[in-house]
Amino acid sequence: MPIRVAIVPHTHWDREWYSPFQTFRMRLVKLLDELLPLLEDDLSYSRFLLDGQTAVIDDYLEIRPEAAPTLARLAAAGRLSVGPWAVLMDEFMVSGETMVRDLQMGIRRGAELGGVMEVGYLPDMFGHVAQMPQMLRLGGFEHTVVWRGVPESVEHDAFWWEAPDGSRVRAEYLYGSYSNGRMLPDDAKRLVGRARDYEQELGPARLGSMLLMNGTDHEMPQPWLGRVVAEANAMQDEYEFVVTSLPEYLADRPTAGLTTVTGEMRSGARANLLMGVGSNRVDVHQACAAAERTLERVAEPLSALFLPAARS
């Protein structure tokens, strides 16, 4: 039987990083201006993941409000994966209440946009809090996808992740990062070679099929992907390539015999956690924490006590 190679086209989107927010927003507008017609016109380019956060869609719709019906149609059809987060937060930089509301807002906004992706997407957080599996299960999710923080005890590309209360989700480990399928070649033979290289990289960590995340930071879609996948499938029977989504890929992945990881995941054994983010711009972290606590512990309790229910 050929090895199934699932290709998930995506982009990873920092709203502000080495360039200001509005500079990145203009690149986002360019990306979606190209992506939406591509999805509409080319059924072989069948899926795209918008980084698991609805904020990037709202940033785009502020500039292109007329695109809302197209986005909703593609999301409802499963062609465009939306949410489940409002933004991809650093789990150790915000409060637990902020994370809960982030997920609630992302689910609600995803539903408004046509349908939320039913995968707890955590591609690039600098470690993970112990309660994340509990939060995801309470949100209705059975699967998560992670990269950083995975401990050395995980020897395969999937494991069970269990919270202190016993809640657990199946975690797909992005072996080689969320960019392990970036810049795929516009040539069928070279695509087969790329799959062969990744199979060798995975080695005994591979549980059946392979996942190539076709994208990286602020990367544009590769519009010829569907054609090259078809050509690669026609020329050999070693691999079966398919352009797909994370929910489709995870639906039939193995669950038996997986290692269980309990609680916090903050290991640097497999990927750098960039621990300096916790000590850089301390003034900004302090201001954000003060704002969170003022809202959670002062403003909202007082609102609940003194305002009519319709306004609180």
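Ala, Val, Leu, Ile, Met, Phe, Trp, Tyr, Cys and Pro count as nonpolar, Asp, Glu, Lys and Arg as charged, and the others, Gly among them, as polar. These classes are used at several stops below.

**Start: the whole chain**

Show the protein as a ribbon, and keep in mind that this is a predicted model. The secondary structure comes to 9 helices and 10 strands. Turn the protein along its principal axes, and its C-alpha atoms fill a box of roughly 70 × 50 × 35 Å. A compact globule of 312 residues would have a radius of gyration near 20 Å, and the protein agrees with this because its own value is 20 Å.

Now switch on the surface. The protein exposes about 14,400 Å², and carbon and sulfur atoms supply 53% of that area. Of the 312 residues, 49% count as buried. If you display contacts with a separation of 6 or more, 78% of them are between residues 24 or more positions apart.

**Stop 1: the largest cavity**

Empty space is left where a rolling probe the size of a water molecule shows it. The structure holds 1 cavity of 30 Å³ or more, and the space in the largest cavity is about 50 Å³. Select its lining: Asp-157, Glu-172, Tyr-173, Leu-174, Tyr-175, Asn-180, Tyr-198, Leu-202, Met-210 and Leu-211. Colour these residues by class, and they divide into 7 nonpolar, 1 polar and 2 charged. Then select β7 (168-173), α6 (188-202) and β8 (210-214), each of which supplies at least two residues of this lining.

**Stop 2: the loop before β7**

Stay with β7 and go to the loop between β6 (158-162) and β7, where Pro-164 has its place. Is Pro-164 buried or exposed? Its relative accessible area is 59%, so Pro-164 is exposed, the cut-off being over 50%. Leaving out residues up to four places away in sequence, Pro-164 touches Ala-130 and Gln-131. Add Thr-262 to the selection: Pro-164 and Thr-262 are 98 residues apart in sequence, with 7.1 Å from C-alpha to C-alpha in space.

**Stop 3: the largest pocket**

The largest pocket has about 1,300 Å³ of space. It is lined by 32 residues, and Asp-14, Glu-16, Leu-88, Asp-90 and Phe-126 are the closest to its centre. Select these five to find the place in the viewer. Next select α4 (96-112) and α9 (282-306), each of which supplies at least two residues of the lining. Which element gives the most to this lining? The answer is α9, with 5 residues. By class, the lining of the largest pocket holds 16 nonpolar, 5 polar and 11 charged residues.

**Stop 4: the second largest pocket**

Here the space is about 230 Å³. Of the 16 residues that line the second largest pocket, select Val-116, Met-117, Glu-118, Val-119 and Pro-247, the closest to its centre. The classes in this lining are 8 nonpolar, 6 polar and 2 charged.

**Last stop: a threonine in α3**

Select helix α3 (residues 68-76) and pick out Thr-70 within it. Why does Thr-70 count as buried? Its relative accessible area is 19%, and buried means under 20%, so Thr-70 falls in that class. Show its partners as sticks: Thr-70 touches Leu-36 and Glu-40, not counting residues up to four places away in sequence.

Technical notes: Residues numbered from 1 in each chain as written. Predicted model: local features only at pLDDT ≥ 70, side-chain atom pairs only at ≥ 80, totals over all residues. Heavy atoms only, no water. 1 Å grid on protein atoms, 1.4 Å probe; cavity = no way out; pocket = protein on both sides within 12 Å on 5 of 7 lines; lining within 4 Å. Points joined across faces, edges and corners; volume = space filled by probe spheres on them. Helix = DSSP H or I, 4+ residues; strand = E, 2+ residues; numbered from the N terminus. Rg over C-alpha atoms; globule rule 2.2 N^0.38 Å. Buried < 20%, exposed > 50% of the residue type's maximum accessible area, 1.4 Å probe, protein only. Contact = heavy atoms within 4.5 Å. Areas by Shrake-Rupley, 256 points an atom, 1.4 Å probe, with all protein chains shown as cover.
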